[in-house]
Amino acid sequence: MDILIYYTSWLLLLCGAFFCAVGGLGILRLPDFYSRQHAAGITDTLGAALLLIGLILQAGLSLVGIKLVMILLFLLFTSPVATHTIAQAALQSGLKPKLAEKERDG
Amino acid sequence: MSDFWGLYNYWIAIFLMMVGFYNVIARGNLIKKLIGLNIFQTSVFLLYISMGKVEGGSAPIVGAGISSFSNPLPHVLILTAIVVGVATTSVGLALVVRIKEAYGTIEEDELIAQESVTQ
Amino acid sequence: MFVAAMIGVLITMLLALVRAVLGPTVYDRILAVNMFGTKTVLLIAVLGFLTGRPEFLDLALVYVLINFIGTIAILKFVHYGDMSHSGQETS
Amino acid sequence: MSNFVDIALLAFLALVALAVTRTLNLFATVALTGIYSLLMASIFTTLDAVDVAFTEAAVGAGISTVLFLATMALTTSHEKPHHHHNWAAIMATLITGSALVYGTLDMPHFGDPQAPIHQHVAPHYIEISPNEIGVPNMVTSVLATYRGYDTLGETAVIFTACMAVLLLLQRDRRGGNRNVMAVPDADQRRGGQSMQHAMILRVFSKFFIPLIFLFGLYVQFHGDYGPGGGFQAGVIFASGFILYTLVFGLEKARQVIPPRTLQALVAFGLLLYAGTGIATLVMGGQFLEYKALAHEATHGEHLGILFIELGVGITVAAVMTTIFFTFAGRGRS
């Protein structure tokens, strides 16, 4: 059982790191602000959650584990709210999403 | 080579200090000057904390099975310096606001031009 | 394995950093700063396990809180402050 | 590995500092300084300075960013572009920098346990203080006891800075009040334009802000056993008030905690600190010698640390909130 938990946390940590890096690549390479938000979303939710769950498995049921759960919960609340607010502000300020139609026309 | 990595932390601190220094002396915008001053200030923090680190040491909080600790003294000095630093920066920012209200600009050259006209 | 996770987080931090430097709009930068903050939280969490003293997670917790406040503050002043109505930077 | 992280983070830091210098848009600069201070805090963690990292994260990424933004809202967000390099400044920077680098060549290497800095008082703090004071966090015990005078001085400096900001920016209470009352709240004037309509943010903040305060209390009273203490807790409390102000507007925040109360708290914290010193004098010890506070030495130390950390926490929280209120209040009238 211990070995199973050990390797699961291994796998989760590696997956988390992978998704973080993919999101990082996305925020650099994607063409406009709104598509970059998707990339940021991956790192903030999937990447962070996998990494933290991996760490929680490592820590087990202890004060450290509980603090990690709290961090995960806080992250899962704050980052969508922050991202939503940024997107709303950007949209209201008149920043238009880049659409495929434009490319065909132009 | 060991010389390089052994002094790397200090060199980065000096680099940051010089970047801050350049911003303070070369830029005309008062807010940018204060940002430069902030960078300068944090570079000093970095230097102190780097000197307090002991190879193989741990954070200076007693824990089970830990015998080697980093030096707590620089931590104490810098901890208070950070909070004092932000308090004094806010005084600088307050002065910037007053200058803007009195002169209508926060660019150094325009301020000097206005001053020389009134004299 | 913590090393691998750490490298992943560091790479992400670097990429977010580049986006924050490049811009081009204010909102891109805010997004990058917010993402950078989240990655700092992960970095601190992993670092605790890497150095064998994971009990300092209070730090990561404070980063979550402050990062959120910082993002909201930048947004508030960019969007509702008395200047800069559009996202486009003029310089 | 921890060294490798340190090296990578320091390189990022240098990159950000350069970017800050090159950027002319001041909003972008402030966003970058936010990153700069998050990086700096991570580096402090890798260098074992957890308490310092705590403070830097809360102050640098939170309060400092907010204050710079508030100043920009009152002044300008663009720097005038310069078309020429200032060669005199570059030369001065290069010469000073090389002199300093030359100076480092004689310094003990990074992490060297034999360095002079680790020989003088540090061994006493590390080996004796946990038993002498009875507090596991050496930073807290040094801050509050061995360097108690110093910390009192720092608290007084923060107090003075707050007074200076109030003198510079606070509108005259009698004359200014009429103006503020006459002009409708800036948020209301803009109608639906304020952040008040951001429903998700508001609902979330209502449940999030109490958590911030709860965490602040934890940091305040857990400072003896883990990273934390008065300075950190004070800044976290102030961040909570700042978030409240950002989301619900200054008027509401002023109803929650009136400026007059805040200003009383600014003084009260400092008085509590100094008062603890007087109490030790009265009870037969020396100034800030906490042993005199109780029959048992470590018990007295605990009590003394509790009081002065509380004093520091109250002053720092009240000062930071007051400064923010003053900056935010300057804009509207």
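Within chain C of this predicted model, contacts between residues 24 or more positions apart account for 54% of those with a separation of 6 or more. The secondary structure behind this chain comprises three helices and zero strands, so that reading from the N terminus gives the order α-α-α. Of the 91 residues in chain C, buried ones make up 70%.

Confidence varies along chain C, for which the mean pLDDT is 81, with 86% of its residues at 70 or more. Among its elements, the lowest and highest mean values fall on the two helices tabulated here.

| Element of chain C | Residues | Mean pLDDT |
|---|---|---|
| helix α1 | 2–22 | 89 (highest) |
| helix α3 | 58–80 | 83 (lowest) |

Over residues 82–91 of chain C, by contrast, pLDDT stays under 50, although the model places 25 contacts beyond four places in sequence for this stretch.

Turning to the assembly, five pairs of chains are in contact, and among these pairs chains B and D share the most contacts. Chain A and chain B are joined by no contact, and the closest C-alpha atoms of the two lie 14 Å apart. Chain A does touch chain D, in a contact that takes five residues from chain A and four residues from chain D. On the chain A side of that contact, the residues divide into two nonpolar and three polar, with no charged residue present.

Conventions. Residues are numbered from 1 along each chain as its sequence is written. Chains are lettered from A and ligands numbered from 1 in the order in which they are written. This is a predicted model: local features need pLDDT of at least 70, side-chain atom pairs count only at pLDDT 80 or more; totals for chains, interfaces and linings use all residues. Two residues are in contact if their C-beta atoms, placed from the backbone, lie within 7 Å. Ala, Val, Leu, Ile, Met, Phe, Trp, Tyr, Cys and Pro count as nonpolar, Asp, Glu, Lys and Arg as charged, and the others, Gly among them, as polar. pLDDT is the predictor's confidence in each residue, from 0 to 100. Helices (H or I, at least four residues) and strands (E, at least two) are DSSP runs, numbered from the N terminus. A residue is buried if 20 or more other C-beta atoms lie within 10 Å of its own, exposed if 12 or fewer, and partly exposed in between; C-beta atoms are placed from the backbone.
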